[in-house]
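I opened the notebook to jot down a few lookups, one spot at a time. Here is what I went after and what came back.

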Amino acid sequence: MSQAYPKLSAKHFLRSREHFFAEKKTAVAFPLHSHDYFELELVLEGNGTQILNGKEYGINRGSLYLLTPSDFHRVNISEENTVWNLAFDGGLLSADIKEKVFSLKDKLRQLTEEETARADRVMSVLADETDDRERVAPLFEYLLGFILPDGKSVEMGHIRRAVIFIETYFRESPSLKRTAREVGLSTAYFGNLFKKTVGETYVSYLNRCKINCAKMLLENGKTVTETCFESGFGSLSGFLYTFRKEVGTSPETYREIHLKKGKI
């Protein structure tokens, strides 16, 4: 049976640490869920599959995935897996690294044996230094620096920063005012600039992020009510209205169509 709110909390997974926690553990199958923090996981032993935002990937030694608070995933284990699991919040990411993280087209990549061994060593040190923020931050930047794909970083403008913020926290329904404050602009100016740059209003873009998430949840078997709240809507009536307006059909009909197609 699916859980009503499959969102794992940093309060539990970061435990007493403020920004970061790392551990080597035996992985088990885990149902569809998301987090309100970032997660980096490296497979050291074993095989299985990772269903990430509706797409299936095979995982084995060297498989590494980096998830943001906007991602959903499910893990199916075919044999016992040993993994490094790192949980952290955005406070550890520099602007340059954050840009690379949110620019990833594929959240899962396969490391070479040399990269896997190197990452294993760095993660071991990070696990020992969890409580020392001054030592964790540079080590963590070093780790992300060599496991993320190479690519010249571009300077983030106000709207690009806003889009990254929305796509990360859309399920919290961040207000226009909150996002404007996040990027350092006045609310009125930001609202006008966002519409001019993106081509739609802030609310429209925010709702589209929620609807895209809702479609994925419905395709993976979530009920309409579960989907409503897990995708960030505050009321069922608002969700039903917005979904029909954006998709052209009701959430229940959309779900049934995908059930019949055998996609879940």
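**The loop serine**

I started with serine 250, which sits in the loop between α10 (236-247) and α11 (251-260). Note to self: this is a predicted model. Buried or exposed, I asked of serine 250? Its relative accessibility is 15%, so serine 250 counts as buried. Next I looked for a partner for its side chain, and found a polar contact of 2.9 Å with the side chain of threonine 253. Leaving aside residues up to four places away in sequence, serine 250 touches Phe243 and Arg244.

**Helix α6**

Then I went to α6, residues 176-183, and pulled its buried residues: Thr179, Ala180 and Val183. Seen down the axis of α6, they fall within an arc of 100°, so they line one face of the helix. The general rule fits in my margin: an α-helix has 3.6 residues a turn, so residues three or four places apart point the same way. I checked the other side of α6 too, and there Lys177 and Arg181 are exposed.

What do the buried residues of α6 pack against? I got three helices back: α5 (158-169), α7 (187-198) and α8 (202-219). Just after α6 I also noted glycine 184, with a positive phi of about 80°.

**Histidine 158**

Histidine 158 belongs to helix α5. I had its accessibility computed: the relative accessible area is 35%, so histidine 158 is partly exposed. Its side chain reaches the backbone oxygen of valine 183 at 3.1 Å. That valine is also one of the buried residues of α6. Apart from residues up to four places away in sequence, histidine 158 touches Val183 and Leu185. I looked up one longer-range pair as well: histidine 158 and phenylalanine 190 are 32 residues apart in sequence, with 8.6 Å between their C-alpha atoms.

**Cysteines**

How many disulfides does a search of the whole structure find? I got 0. Cysteine 209 is in no disulfide, and its nearest cysteine sulfur, in cysteine 213, lies 9.4 Å away. A disulfide needs the two sulfurs within 2.5 Å, so I can see why that pair is not one. Looking from cysteine 213 gives me the 9.4 Å to cysteine 209 again, too far for a bond. I also checked burial here: cysteine 209 has a relative accessible area of 11%, so it is buried. Cysteine 213 is at 7% relative accessibility, so it counts as buried too.

**The largest pocket**

I ran the pocket search and noted about 440 Å³ of space in the largest pocket. Its lining has 18 residues, and Asn53, Ser70, Asp71, Glu167 and Phe170 lie nearest the centre. The elements giving two or more residues to that lining are α2 (95-102), α5 and α8. Which of them gives the most? My answer was α8, with 6 residues.

**Aspartate 96**

Last lookup: aspartate 96, placed in helix α2. I have it down as partly exposed, because its relative accessibility is 35%. I then took one distance from aspartate 96 to glycine 145, which is 49 residues apart from it along the chain: the C-alpha atoms are separated by 9.8 Å.

Terms used:
Residues are numbered from 1 along each chain as its sequence is written. This is a predicted model: local features need pLDDT of at least 70, side-chain atom pairs count only at pLDDT 80 or more; totals for chains, interfaces and linings use all residues. Side-chain values use heavy atoms; hydrogens and water are left out. Buried means under 20% relative accessible area, exposed over 50%, partly exposed in between (1.4 Å probe, protein chains only). Helices (H or I, at least four residues) and strands (E, at least two) are DSSP runs, numbered from the N terminus. The arc is that of the directions from the helix axis to the C-beta atoms. Contact means heavy atoms within 4.5 Å. A polar contact is a pair of N or O atoms within 3.5 Å; within protein, one must be able to donate a hydrogen and the other to accept it, and residues adjacent in sequence count only if both atoms are side-chain atoms. On a 1 Å grid over the protein atoms alone, a cavity is a set of points where a 1.4 Å probe fits but cannot get out, and a pocket is an open set with protein on both sides within 12 Å along at least five of seven lines; lining residues have an atom within 4 Å of a point. Grid points are joined across faces, edges and corners, and a volume is the space filled by probe spheres set on the points.
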